[in-house]
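Student: I have a new structure to look at. Can you walk me through it?

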Amino acid sequence: MKPLKIGVIGCGSIAKHRHIPEYMANEHAEIVAVCDIVKDRAEEMADQIGAKAYTDYKDLLKDESIEAVSVCTPNALHAPISVDALKAGKHVLCEKPMATSTEEAEAMIVAANEAGRKLMIGHNQRFVPSHQKAKELISKGEAGKIYSFRTAFGHGGPEGWSVDGKDSWFFKKEEAFIGAMGDLGVHKTDLMRYILGEEFVEVGAFVETSSKENADVDDTAVCVLKTESGTIGTLAASWSYQKEDNSTVIYGEKAVLRLEEDPVNSLVVQYSTGEVVKYELGGIQTNDDGGQSASGVIDRFVTSVVEDLPAAVPGEEAMKSLQVVLGALESSKTKQIIRL
């Protein structure tokens, strides 16, 4: 079987540390082209991996040999580039958040359906072993009725991660549209929908820019969420945490599940009987050195294309997670609880 020919659009940190290494580690994929508006960045990456360099993604899409692309650009470009790629007959793996509005997300889904191509969004938290195990236990009834949860994703900010540091597009509303809620919060809205197996129906939020003087997007948010069945919980997303926190605690009738609180035991289940079960399932993705390997996103995308399987995180799923974030922003602006 010939390897799937890949084009990577955007050569910033997420491409450099996750998409490109994971494609190169996959025997069924071959990166043949990369693109970045910064010519030197594109050419340097192309030289490193033996690919062709582009500065205009539309030129890359004209290459009929390219079968699939990763969209690793600023948020505001996710939808237009993805739609163009799908219309050009390419399968698309797009970074999160998939778009900056419901209308953009819907356009991506329509384009994928009309083209008969895969559209997958890079919500890697679904593939973390502790999260998958928690979902399994909850679906089997191990925790009984779920009463509440708290989940957080925070770190010191993208300036320590982005190739452009403090001048990164992450801080610019025109390019990012959403700040910490789009960078981190959307991961957790998607995760909780996945683990709990139900939709959120209401959201209330405080969303602020308090720690990043150079930002005109949110850097800290706290949300209260309610599911269809009445489970309520909190979600925090922030670029102001000195130490990274990517933890979740789920409170149930029969057990409390603690995820990613302990560096060794990535899932700890405390049963109401007094029994405690600890699972060593491996670490979660982090922005620390070497922390972005083997997310599972690229492997699942490649498999879905090569074996013609449904995308692991299709556009329809990711749009629902995006809508929670958009609702949170609206709640903060209007000071109202938003029904989703």
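**The sheet**

Tutor: Start with the open sheet of nine strands, ordered β14-β13-β12-β11-β7-β10-β9-β8-β15, with mixed pairing. Keep in mind that this is a predicted model.

Student: Which strands stand at the edges?

Tutor: β14 (276-279) and β15 do. Each has a single partner strand, so one side of each is left without a neighbour in the sheet.

Student: How do strands of a sheet pair, anyway?

Tutor: Through backbone hydrogen bonds, either parallel or antiparallel.

Student: Take the β14 edge. How many bridges does β14 make with β13?

Tutor: Four, and the two strands pair in the antiparallel sense. Strand β13 covers residues 267-271. Look at L267: it stands opposite Y279 in β14.

Student: And the β15 edge? What joins β15 to β8?

Tutor: Two bridges, with the strands running antiparallel. Strand β15 is short to write down: residues 338-339. Its R339 is the bridge partner of E202.

Student: Which sense does β8 take with β9, parallel or antiparallel?

Tutor: Antiparallel, over eight bridges. Strand β8 spans residues 200-208, and β9 spans residues 220-227. To find one bridge, look for E208, whose partner in β9 is T220.

Student: Which helix lies across β8, β9 and β15?

Tutor: Helix α10, residues 315-334. It runs at about 55° to β8.

**Rings**

Student: New topic. How many aromatic pairs does a search of the whole structure find?

Tutor: Four. One of them is F149 with F200, a tilted pair. The rings are 6.0 Å centre to centre, with 50° between the planes.

Student: Where do F149 and F200 lie?

Tutor: F149 lies in strand β7 (residues 146-154), and F200 lies in strand β8. The two are 51 residues apart in sequence, so the pair ties together separate parts of the chain.

Student: Are they buried or exposed?

Tutor: F149 counts as buried, at 2% relative accessibility. F200 counts as buried too, at 5%.

Student: What about F171 and W239?

Tutor: That aromatic pair is edge-to-face. The centres are 5.5 Å apart, with 80° between the planes.

Student: Which parts does that pair tie together?

Tutor: Two loops. F171 lies in the one between β7 and α7 (173-176), and W239 lies in the one between β10 (232-238) and β11 (248-252). These parts are 68 residues apart in sequence.

Student: Buried or exposed, those two?

Tutor: F171 counts as buried at 2% relative accessibility, and W239 counts as buried at 0%.

Student: Which residues form the aromatic cluster?

Tutor: W169, F170, F171 and W239.

Student: Which ring does the charged end of K135 sit over?

Tutor: The ring of Y194, 4.8 Å from its centre. Likewise, the charged end of K173 sits over the ring of F177, 5.0 Å from the ring centre.

**Cysteines**

Student: Last topic. How many disulfides does a search of the whole structure find?

Tutor: Zero.

Student: Why is there no bond for C72?

Tutor: The closest cysteine sulfur is in C11, and it is 8.3 Å from the sulfur of C72, too far for a bond. A disulfide needs the two sulfur atoms within 2.5 Å.

Student: Is C72 buried or exposed?

Tutor: C72 counts as buried, at 9% relative accessibility. C223 counts as buried as well, at 2%.

Technical notes:
Residues are numbered from 1 along each chain as its sequence is written. This is a predicted model: local features need pLDDT of at least 70, side-chain atom pairs count only at pLDDT 80 or more; totals for chains, interfaces and linings use all residues. Side-chain values use heavy atoms; hydrogens and water are left out. Two strands pair if DSSP finds at least two bridges between them. Buried means under 20% relative accessible area, exposed over 50%, partly exposed in between (1.4 Å probe, protein chains only). Contact means heavy atoms within 4.5 Å. Axes are lines fitted to C-alpha atoms, for helices over the stretch in contact, and angles run from 0 to 180 degrees between N-to-C directions. Rings of Phe, Tyr and Trp (its six-membered ring) pair if their centres lie within 6.5 Å; planes under 30 degrees apart count as stacked, over 60 as edge-to-face and the rest as tilted. A charge sits over a ring if NZ of Lys or CZ of Arg is within 6 Å of the ring centre and within 35 degrees of the ring normal.
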